[in-house]
Amino acid sequence: MDSSYRIDPVDRVVSVDAGWIAFAEANRAPGLPQRTIGRSIWMFVSNPIVRELYRSVFRRVRTSQQRVDVPFRCDSPEVRRFMTLAVCPADAQRGTLDCQVTLLREELQPAAARALYEAMGVGASEWHVVNALTVCSWCKRVEVDGWCEIDEALERRPTLLTKPVQPITHGVCESCERIVLVALH
Ligand SMILES: [Zn+2]
């Protein structure tokens, strides 16, 4: 499920590769490539902190013409996916960038995490929120007395499973902000 896409100097998607298309199809979004090409990638990134982190990475790669690698998580209710985003200069003159997404490894979600996802009614590719729980958009940890994995959140606050489902607030935890900033140095 490795995939890549190219963006132009004003961050519009120029092209997506076969891996990207296969991923969209696997996630029941077969028309997505047509709806994505020519669009600003910022249409797909709603969280302002996440946008700022991406912007910092793009700015750095365009300025230095050096590749930047950032680890992130792309979890579903069943699996934890440890991923890397590599942003590479594609064409220095044009200012285009290649964004390559690589799956490093997968782990099954612990039972407690699956139970919590189920209680939240979260679909495989959607993120809703429970009890105004803040989820880090980057590493998928949640904020419950500090940042922790979702199964640990349940240990820390068992009532999470009994309260009504609410939409999730996305943020970025301090350590991910640091990871991105460190990747820029
Ligand atoms: Zn994080």
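Author: A salt bridge is a side-chain nitrogen of Lys or Arg within 4 Å of a carboxyl oxygen of Asp or Glu. By that definition, this predicted model holds 13 salt bridges.

Reader: What makes Asp 11 and Arg 62 a salt bridge?

Author: The closest N and O atoms of Asp 11 and Arg 62 are 2.9 Å apart, and the limit is 4 Å. The pair therefore counts as a salt bridge. Asp 11 lies in the loop between β1 (3-7) and β2 (13-16), whereas Arg 62 belongs to helix α3 (residues 48-64), so the contact ties together parts that are 51 residues apart in sequence.

Reader: How do you know whether Asp 11 is buried or exposed?

Author: Buried means under 20% relative accessible area. Asp 11 has 8%, so Asp 11 is buried. Its partner Arg 62 has 24%, and because this value lies between the limits of 20% and 50%, Arg 62 counts as partly exposed.

Reader: What separates Glu 152 and Arg 156 along helix α5?

Author: The two residues are four apart in helix α5 (residues 150-156), which means that about one helical turn separates them. Their side chains meet in a salt bridge at 2.8 Å, N to O. Glu 152 has 31% relative accessibility and counts as partly exposed; Arg 156, at 34%, is partly exposed as well. Elsewhere, salt bridges that share partners join Arg 73, Asp 75, Arg 80, Glu 149 and Asp 151 into one network. Within this network, the closest N and O atoms of Asp 75 and Arg 73 are 2.8 Å apart, and both residues are buried.

Reader: Why is the arrangement around the zinc ion called tetrahedral?

Author: Four donors count as tetrahedral if all angles lie between 85 and 135 degrees. The donor atoms here subtend angles of 105 to 115°, so the arrangement is tetrahedral.

Reader: Which protein atoms are the donors of the zinc ion?

Author: They are the SG atoms of Cys 136, Cys 139, Cys 173 and Cys 176, lying 2.3 Å from the ion. Along the chain, the donors follow the spacing C-x2-C-x33-C-x2-C. Cys 136 has a relative accessible area of 0% and is buried. Cys 139, at 12%, counts as buried, and so does Cys 176, at 3%.

Reader: Why does Cys 88 form no bond with Cys 99?

Author: A disulfide needs two cysteine sulfur atoms within 2.5 Å. The cysteine sulfur closest to that of Cys 88 is in Cys 99, 8.1 Å away, which is too far for a bond. The structure holds zero disulfides. Cys 88 has 11% relative accessibility and counts as buried.

Reader: How do you know that β1 and β5 pair?

Author: Two strands pair if at least two bridges are found between them. β1 and strand β5 (residues 96-108) have five bridges and run in the antiparallel sense; Ile 7, for instance, has Leu 97 as its bridge partner in β5. β1 is also joined to β2 by three bridges, again antiparallel, and the partner of Tyr 5 in β2 is Val 16.

Reader: What makes β1 mostly covered?

Author: Four of the five residues of β1 are buried. In the hairpin of β1 and β2, five residues stand between the strands, and Asp 11 takes a positive phi near 65° there.

Conventions: Residues numbered from 1 in each chain as written. Predicted model: local features only at pLDDT ≥ 70, side-chain atom pairs only at ≥ 80, totals over all residues. Heavy atoms only, no water. Donors = N, O, S within 2.8 Å, 3.2 Å for Na, K, Ca; no water. Tetrahedral: all angles 85-135°; square planar, octahedral: opposite > 155°, others 65-115°. Buried < 20%, exposed > 50% of the residue type's maximum accessible area, 1.4 Å probe, protein only.
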